[in-house]
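Visitor: I have a structure to look through before lunch. Can you walk me through it?

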Amino acid sequence: MKNIYKKFGIGLTLCSVLLTAISCENSSSYEDELPSIANIAVSNDAFSTLEAAAINGGVAGVLSNSNPNDVSGDYTVFAPNNSAFARLGLDESTLGVLQTPFLTNTLLYHVSNGNLPSSAIAANGTSASALGGLTRRFVSRDGSLFINGSKIIATDITAENGTVHIIDKVMIATGGNVVESAIALQSASVFKNPELSYLVEAVVYAELADALSNPAAKFTVFAPNDQAFINLGTALGLTFDEPADVRMIDKDLLTAVLLNHVFAETSKDSFTSELNAGSYDTLGSDAITLGTYNNGVLTVSGSGNTSPANMVIPDVQTTNGIVHVIDQVLLPQ
């Protein structure tokens, strides 16, 4: 096992992983013991943000001990490294922008009961349940394995209480539908500084909330953040000081624009790992264009955009679709 830890930068020694007062002088009798999942994070600088998140979210104790809800006593954890958190603008010092209940649920979404080695993961259509009952699906792309939109970059790190696989993006699931998820982001239930206040106001004004709450649909939605709408107002010669100001836009026009952010195909939702460059029909009158898949994201543009929008929070799983938060409003021709 020492070779596996060395290969992936775990660098484990007994003295660096024990969280007790046992001295290094007495460590020889423990040479064959494996660290817990929590101790793997503690001992590796590449997981310092995950360690801080586990402490802040109250799950460090869970991952330090045997799993009481599985006969094996094990967990499987898909562990985001520091770079994965950095993609969301998060590190140990900025985790406070997240509400604690959301942080806790997000961490548990990365954990499964029992042992799931890489050899047991079959991609494309298969799934695995997370603690709490939500499911993640596995995708094979270009010879790599993904869970949702997150690439699995290292596998089968063995811990005393389970298995760790390392991923390159934090997985996010809301437990609500597309509209409920947007409201959660709008009402500071996720980030203490809301992200989608203008979008929620626009959806309500355009009377699209019921349609986007359809439990039978599987939407792929590109959701412009607040700054995207503020910039749209400026482009239209309007000043948006608060979300209600989007009502200065003609209702029919705003409705058409919003429908241009949802794929027409509603029987299949798509993570970034399942998207490819090309033109896609929307629920509106125009198509949108995705750019080349690059480092887990794609740019997206409408026919009326002079430059493409970037994904700032990709792969948010909801109960009726996948939401990708973007930094521009997608404009039809």
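Guide: We can take the whole chain, then one strand and one helix. Keep in mind that this is a predicted model.

Visitor: Fine. How many helices and strands does the protein chain have?

Guide: The protein chain has 11 helices and 14 strands.

Visitor: And what share of the residues is buried?

Guide: Buried residues account for 50% of the 333 in the protein chain. The chain exposes about 14800 Å², and carbon and sulfur atoms supply 50% of that area.

Visitor: Which contacts join residues at least 24 apart, as a percentage of those between residues at least 6 apart in sequence?

Guide: That share is 65% in the protein chain.

Visitor: Now strand S1. Is S1 mostly covered or mostly open?

Guide: Mostly covered: S1 spans residues 75-80, and 6 of its 6 residues are buried. Tyr-75, Val-77 and Ala-79 lie on one side, with Thr-76, Phe-78 and Pro-80 on the other.

Visitor: What does S1 pair with in the parallel sense?

Guide: Strand S7, residues 162-167, over 6 bridges. Thr-76 has Thr-163 as its bridge partner in S7.

Visitor: And in the antiparallel sense?

Guide: S1 pairs that way with S2, over 3 bridges. There, Val-77 stands opposite Val-111 of S2.

Visitor: Switching to helix H6. Which of its residues are buried?

Guide: H6 covers residues 100-108, and its buried residues are Phe-102, Leu-103, Thr-104, Thr-106 and Leu-107.

Visitor: What do the buried residues of H6 pack against?

Guide: They pack against helix H4 (48-56), strand S2 (111-113) and strand S8 (172-173). S2 came up earlier as an antiparallel partner of S1.

Methods
Residues numbered from 1 in each chain as written. Predicted model: local features only at pLDDT ≥ 70, side-chain atom pairs only at ≥ 80, totals over all residues. Heavy atoms only, no water. Helix = DSSP H or I, 4+ residues; strand = E, 2+ residues; numbered from the N terminus. Buried < 20%, exposed > 50% of the residue type's maximum accessible area, 1.4 Å probe, protein only. Contact = heavy atoms within 4.5 Å. Areas by Shrake-Rupley, 256 points an atom, 1.4 Å probe, with all protein chains shown as cover. Pairing = 2+ DSSP bridges.
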